[in-house]
Amino acid sequence: MIPPSHREAAVFGPAAITAVIVGQGYVGLPLAQAAVTAGIRIIGLETRADIVERLNAGGSHVDDVADTEVAAMVAAGYTATTDASVVAEADVVVICVPTPLSGLREPDLSAIRGATASIAPHLKPGALVVLESTTYPGTTEEVVRPILESAGHVVGRDVLLAYSPERIDPGNTVYTIASTPKIVGGVDERSTAATVEFYSHFVDRVVTARGTREAETAKLLENTYRHINIALVNEMARFCHELGIDVWDVIAAAETKPFGFQAFRPGPGVGGHCIPIDPNYLSYEVRRRLGEPFRFVELAEEINRGMPAYVVERIRRGLAARGRDLTAATVLLLGVTYKPDISDQRESPAIEVAGLLKAAGAVVTFHDPWVSTWHLDGQPIERVGDLNAAVTEADASVLLQAHREYDVDALAHRAAYLFDTRGVSTTGDAERL
Ligand SMILES: NC(=O)c1ccc[n+]([C@@H]2O[C@H](COP(=O)([O-])OP(=O)(O)OC[C@H]3O[C@@H](n4cnc5c(N)ncnc54)[C@H](O)[C@@H]3O)[C@@H](O)[C@H]2O)c1
């Protein structure tokens, strides 16, 4: 049976639904935007008062959502708040809070626990709670459910509960929330049905998994697959260099195969909120439950985490071949974000590259069209103003992120030495990873 709030929504359409989205970050805000666009009434619940203030004033703090788009959301009735009592109005509550690693590189679910505890006392009968944060299998049933139940709700009777992983890809303009299929797994059939119905208002294709654990694990499989394949090409890049083989040419040739192969590219390390973090959630759970290592994940982690040191070693060798010593060199880092054409610096390998270069004695500067200030261990790194002049003056320029603003071939032509960790240069003036 569909609970009253969802039956009403089915009859009257999205305008009859009120949803609270908990966490208005890289995932929660674009989700709010998609739902508002579909006509759903959205309230953004956020612990950071500065973000709430900015959103309500029509300003964005997320690359993928422009100020004008937030202003349009506000005009359409969207509001943000730090007050969890708004949950009392919600037919649906979607949790999109961070799931980082602790200092010991273990899952840190404190934000999921905190968010669930904050909404639980206010949930109305029939409300649907959906967890979107990336997490290890069992979280919905074993962490979220008990918190809801300790507030007096019987899950499956008073409130519904499901897991639906976010697949947002910051900066991707081809695959949007609407055009990316959404996986849903509920704790029971009613929860799954209500969740499918909710997302169907603004996602073209909603796919049901057998349950919450399958939906949780599907997300981890997707990111672990990327993590492992990136590690594979990173290791190949190292071997190919030693063997005198151009790994970029190898990949370009291999990717002409129309089936059975997907191209991944080497780089200075993995960054962002997902790839360096999520596979650890899976290996943690395998080790905790089964007492066994998830060997693929652990090997991939070792290889990918070793890339910044390998990049620095290649810079050292490249300088030495030109008669320069890294310990007295000026090194200009080009692009310090974890992906091209966005400003997100979370877990960017550029930080480790910069730290290792400084530890070796080099003078490090940076340029990034998306980043105005950049810090290493709390100390600001000098941002060069005139890119062309800085590339001409530096002993080594290192392309860490291939933002579209960079004409890498032209920069390589000016540079004493340009090391291209992204394999985008084409003229032979640069040295590629
Ligand atoms: N960023 C991505 O590309 C991406 C993609 C897929 C999945 N995910 C997953 O989605 C989840 C959220 O990631 P994100 O990138 O949006 O993080 P984020 O840091 O950009 O945003 C999370 C927001 O939640 C807020 N918050 C924290 N605790 C809260 C609470 N108790 N109540 C209300 N608000 C709270 C924070 O202040 C922050 O603004 C994570 O599990 C992440 O792994 C992220």
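**A nonpolar patch and some ring pairs**

V250 sits in helix 9, which covers residues 247-254. The model here is a predicted one. With a relative accessibility of 33%, V250 counts as partly exposed, since that class lies between the 20% and 50% cut-offs. V250 also belongs to a nonpolar patch on the surface, together with L232, M236, F239, L243 and I245. The patch comes to about 560 Å². Helix 8, running over residues 212-243, puts in the most, with four residues.

Then there are the aromatic rings. Searching the whole structure turns up seven aromatic pairs. One of them joins Y199 and F202, an edge-to-face pair with 5.8 Å from centre to centre and 70° between the planes. Both partners are tucked away: Y199 counts as buried because its relative accessibility is 0%, and F202 counts as buried at 8%.

Another pair brings together F366 and W374, whose ring centres are 5.3 Å apart. Their planes meet at 55°, so this pair is tilted; the edge-to-face label would take an angle over 60 degrees. Here too the residues are out of reach, F366 being buried with a relative accessible area of 0% and W374 being buried with 2%.

Ring pairs also build a cluster, linking Y136, Y281 and Y284.

Back at Y199, the ring has a charged neighbour as well. K182 lies over the face of Y199, 4.7 Å from the ring centre. Y199 therefore combines a buried position with an edge-to-face partner in F202 and K182 over its face.

Key:
Residues numbered from 1 in each chain as written. Predicted model: local features only at pLDDT ≥ 70, side-chain atom pairs only at ≥ 80, totals over all residues. Heavy atoms only, no water. Patch = residues over 30% accessible without salt bridge, like charges linked within 9 Å, V, L, I, M, F, W, Y side chains within 5 Å. Areas by Shrake-Rupley, 256 points an atom, 1.4 Å probe, with all protein chains shown as cover. Salt bridge = Lys/Arg side-chain N within 4 Å of Asp/Glu carboxyl O. Helix = DSSP H or I, 4+ residues; strand = E, 2+ residues; numbered from the N terminus. Buried < 20%, exposed > 50% of the residue type's maximum accessible area, 1.4 Å probe, protein only. Phe/Tyr/Trp six-rings, centres within 6.5 Å; stacked < 30°, edge-to-face > 60°. Lys NZ or Arg CZ within 6 Å of the ring centre and 35° of its normal.
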